[in-house]
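Biologist: I should like to study a structure with you by question and answer. May we begin by looking at the sequence and the model together?

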Amino acid sequence: MNIELKNIHKHFGKVHANKNINLAIPSGTIQGILGENGAGKSTLMKILSGFIQADAGGEIILDGKPVIIHSPADAIHHGVGMLHQDPLDFPPMRVLDNFLLGRSGGLFPNRTTVARDFKLLAEQFDFSLDPDSYVDSLTVGERQQLEIIRLLWLGARILILDEPTTGISASQKTKLFATLKKLAEQGMTIIFVSHKLEDVEHLCHQAAVLRAGELVGEIKTPYVTSKLVEMMFGKEITLGERQPAQAGEVVLSFTNISLEDVRLKIKNVDLQVRAGEVIGLAGMEGSGQGMFIRACAGLTRPVGGRVQLNGQDLTGKSYHTYKHAGVNFLPAARLEEGLVPGLNLTDHFVLAEEPKGVFIDRAAGQKLAEDRIQSFNIRGTPLSTVESLSGGNQQRAELALLQSPLSLVLLEHPTRGLDIESVIYIWGKLKERCRQGASIIFISSDLEEILQYSDRLLVFFSGKVSQPIDAAATSVEELGQLIGGKGWANMGDEHA
Amino acid sequence: MLKGRGGGFLFQLIALLLAFGFVSLILLSVNASPVDAYKNMFTGSFGSMRKFAEVLVAFVPLLLVTAGLLVTFSSGLWNIGVEGQVVLGAIATTWVFRYFLESSLHPAVIITLAILGGMIGGAIWASFTGLLKVFGGVNEIFGGLGLNFVSTALTIYLIFGPWKRPGVASMSGTVPFPAEFSLSQLAELRISPWALGIALVGIVIVYFILQGTYFGLRLKAVGKNFRAAYLLGIPTWQYSMYSFLICGALAGAAGAMQVAAVYHRLIPSISSGYGYLGLMVAMLINYKAVFAIPVALFFAALNIGSIQLPILMKLDSSLSGVLQGVLVLFVLLAEGARQKFSKKA
Amino acid sequence: MTQETILIGLAGVLASAAPVIFAVLGETLSERAGVINLSMNGTILLSAMGGFAAAYNTDNIVLGFLAGMLIGALVALVVAFASITLKQSQVAVGFVLALTCRDLSYFLGNPYMGEPGPRLQAAPIPVLGEIPILGQLFFRQDAITYLSFISIFLAWLWIFRTRPGLMLQGIGEKPAAAFIRGANVNLMRYVYTVIGGALIGLAGPAYSLAIRAGWMGTISGLDGIGWIALSITIFGGWNPSRAAFGAYLFAFLQWLGLVLQPVFTQVPSQVLQVAPFPLMILTLLLVNIGNAEWVERTLAAMPETTRKILSKALRAMRASPPSALGVPFESE
């Protein structure tokens, strides 16, 4: 099926998530969509799959006919099927029930014919799925396979896949790619959304790159990797003046640490962080850096290895022990994890202090709040509830909550969504902490921020962790390749 | 305007009017005059000193329960088991009295011990719900409900079993305690100033805990955002347990008052439903301690004021419960409507 | 005790469980769609009173049952409106309704107190009723008891075998996934809450027009049954057949309490009546303990093989509620 997107715009309030996107994808093509987190990829895909509608004036043309897609169910009527990164299926139900749910028909679905169709489709692509097993016993890769044949059975002729190679095994990936190529040969149109350069280069006939909501370029195979990286991350990164750390004693030491969750395994990481040092964690979201920083905070228990903080063994200790030892963690989800909606700034500052007696000294609390509000330049009053503050001010409030003295500050996306003034301000405050002897580990998807503010950095890719890289000696180009999964062979195989 | 405090007040006023309007329609549907009904309820509760004293008798346990529930609601817990905690408070108080029946201790000491016993009994019973929640993953609503039934069974077992009256056991309860075991009452009136004092002290303490202490602030943080409270360094599950214990102790004190100041024995329905009614009061005042006294007094007045209705108007006294429930329901609906409107505005 | 008395007793157990069955099935449907209807205790009382009043005034027993269902549906509609449209806490609204409807039933039922009214008669099925033992147990009951048998099967069939029933499971489990498959999530939640409410409303007349015919106000002995039914719904793991088993078990234990009365003379009958409750708390504990945080933490620290065996055992016991129970849904 031919797809044409014309003048697609999408505003969310003030944010212009898609700016005038025009894209044509001929039938039988595997189209790659590349871009950083927040570049507008998922907005565009949501428009195409009916979750949201584009602003007035945009057009979606399928096989020459303009269509309006009202809902995801409507999309599949038009032949557009989407495979979500987290499969939208029903884990406690059986595979066959998942397969037939959503297909219209009589009151009692005929399971025999459904099972026959299921078997035929599964065999066609060499998927070995047991229709009677429960979905929650399946791997992510198998759930993907189930979704693919389900969408095909519903008559999809356009298949959108969102980051499909995250969390699946190498053999499942090979099978997935073979399937997609086969489908394209049969005239299906495949849209492959990914940040993994290698996957896109390997699979896609053509690729479009989005950056900051705009379509910045289209390339056909064969690709020039450096060109893709340049389009994804922008070529001109102006680095501010770097302030190298005066590295001191070892603060945090990871020996042979291994971590696990349902999706990823990180194996045998060694890392030593010195006082005053800033370590940046780079990588696309969900590559393992979130699990890693939570392990630094004592929130995730390593399945193997040893953690030491200032020479004290903290392996397997609770988060609160870490906190008492001088580790503070500022999560990315400010209102979900970092702050307490419904409480005001004074309440927060009082909570963060060690209690003095039983009763709160209101006047002292007020004074404390006023001081912090002033020194952290928060736009709000001591009585402002945190949810009434803007994002930048919430972030400043979180920083103002850090205890003193501190050994280690852990931050997830410390400046995401903030204006440049806030960014500079916040890093000023953080560097101040470093001069006082704290070390910082932070996650960011902004390469510029990582390069500018870290002394060393680690790159994460699908649970693999790079050796620490000297930030002064690397480039956007090199980092972009590593983040996209290229060039890992040269890194040495210590962590593979 | 809809967003501000004024808007909230407007919606509450509308809710109040709608609630009274709705109940008036119910009254009209059974051919009763709403005006007469409300008037009778008013005179039935405030018409004489004796009647007002009765209102205060109901006000005491209701206020204590409400005070306790403000603590559990602050920490985000739905302590529906409060009813059973009142019952266990009453049972524990009765046990202490029975234990000291033959004792030569001064009655004041015994009464003090009995009330403390009631508080401990309520707290222990509440801790079961808490332990089931924290370590067993059983939602406090279901754990609490189950324990409520068990507490009722326990009461009946005691009244008909080990604590039965000599001769024949009956639903009228255990043998009444000697007069010196009751909290002293005002002349001619059933209200004990001591009981009233204890209830007021209870709500004042809760008010200060929630408004002015580190403990209260931490409780609120746990209730509003469990995850963030944990990350801020608060031992979250311990705080959940503390709030169950405090609420249980206050509910237990309510049960103790029912035994020591009202019935002077253990009866099958010793809690009189004040646990559930306290949940309604807490919801109606939107979990703010400052309004607890007037609203609990109002609810107690409705309960007492409706007692005369069967005689005066041939209406069932459950009208008070209907009015209380409809009021809370409309206030909840109005709050939902306000949020919907202010989101759209 | 003769075989005859045991059979009569067991047939009585089947009949006396009928109202609880309706209530539990109604609640199961509602919760499967993601809405907790906590008003059950009040709904049953109000529909018992309303159903009796309707049958009494019209002298038509069928109208009595319909009136009960209508009351249940209306109360459920309030729960649905408050929670789905106004996004208020389902627990708060349901609880308030539980108390309000109870008091309303006492208030409005005042004129009917102790009045003799119509009562559903037993309707033995010819031929089937003559089968020894089975006939006496299952086929010499009244119409409402037969309906309870059929309802269990129909509810099971609907949820697990029909297309809309499968979607119902999906809506309670992952509304977003049901939405992309074309379900109108919030409309369906309304529909199932109201249907579930109607079933709960059937429980009331099943008491007041059959098992405990008449309206006795506060001494009807119906206060508390809704809370019991709520616990049985959880015990039943949101599965009609397991829930029905819970209801029968409960009725059986209560009957056993009565039968054993002469044996344990020192234990008052009221205590044996509530004997199932500690048992119920224990079951809830077993069913839920796998969800507790410390279990997860302890498991995480164990070697992989032990961990896998233990979590399997916990999973087998666990009755997981629909994942989206009580969670509002918005499609973007």
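**A helix of chain A and the contacts between parts**

Modeller: The buried residues of α13(A) are A:A369, A:R372 and A:I373; buried means that 20 or more other C-beta atoms, placed from the backbone, lie within 10 Å of the residue's own, exposed means 12 or fewer, and partly exposed is in between. This is a predicted model, in which local features need pLDDT of at least 70 and side-chain atom pairs count only at pLDDT 80 or more, while totals for chains, interfaces and linings use all residues. Residues are numbered from 1 along each chain as its sequence is written, and chains are lettered from A and ligands numbered from 1 in the order in which they are written.

Biologist: Within what arc do the buried residues of α13(A) fall, seen down its axis?

Modeller: An α-helix has 3.6 residues a turn, so residues three or four places apart point the same way. The arc is that of the directions from the helix axis to the C-beta atoms. The buried residues of α13(A) line one face of the helix, because they fall within an arc of 100°.

Biologist: Which residues are exposed on the other side of α13(A)?

Modeller: The buried residues have cover that includes α12 (345-352) and α14 (391-400) of chain A. On the other side of α13(A), the exposed residues are A:A363, A:A364, A:Q374 and A:S375.

Biologist: How far apart are the end C-alpha atoms of helix α13 of chain A?

Modeller: Helices (H or I, at least four residues) and strands (E, at least two) are DSSP runs, numbered from the N terminus. The expected span is 1.5 Å times one less than the number of residues. For the 14 residues of α13 (residues 362-375) of chain A this should be 20 Å, and the end C-alpha atoms agree, being apart by 20 Å.

Biologist: Which element gives the most to the side of domain 1 of chain A that touches domain 2 of chain A?

Modeller: The domain assignment, automatic or from a database, gives domain 1 (3-233) and domain 2 (250-491) of chain A. In contact (C-beta atoms, placed from the backbone, within 7 Å) are 14 residues of domain 1 and 13 residues of domain 2. On the domain 1 side, α7 (197-203) and α8 (225-233) of chain A give two or more residues. The most, five residues, comes from α8(A).

Biologist: Which element gives the largest share of the side of chain B that touches chain C?

Modeller: Here 40 residues of chain B are in contact with 39 residues of chain C. The largest share, 13 residues, comes from α14(B).

How values were computed. Contact = placed C-beta atoms within 7 Å.
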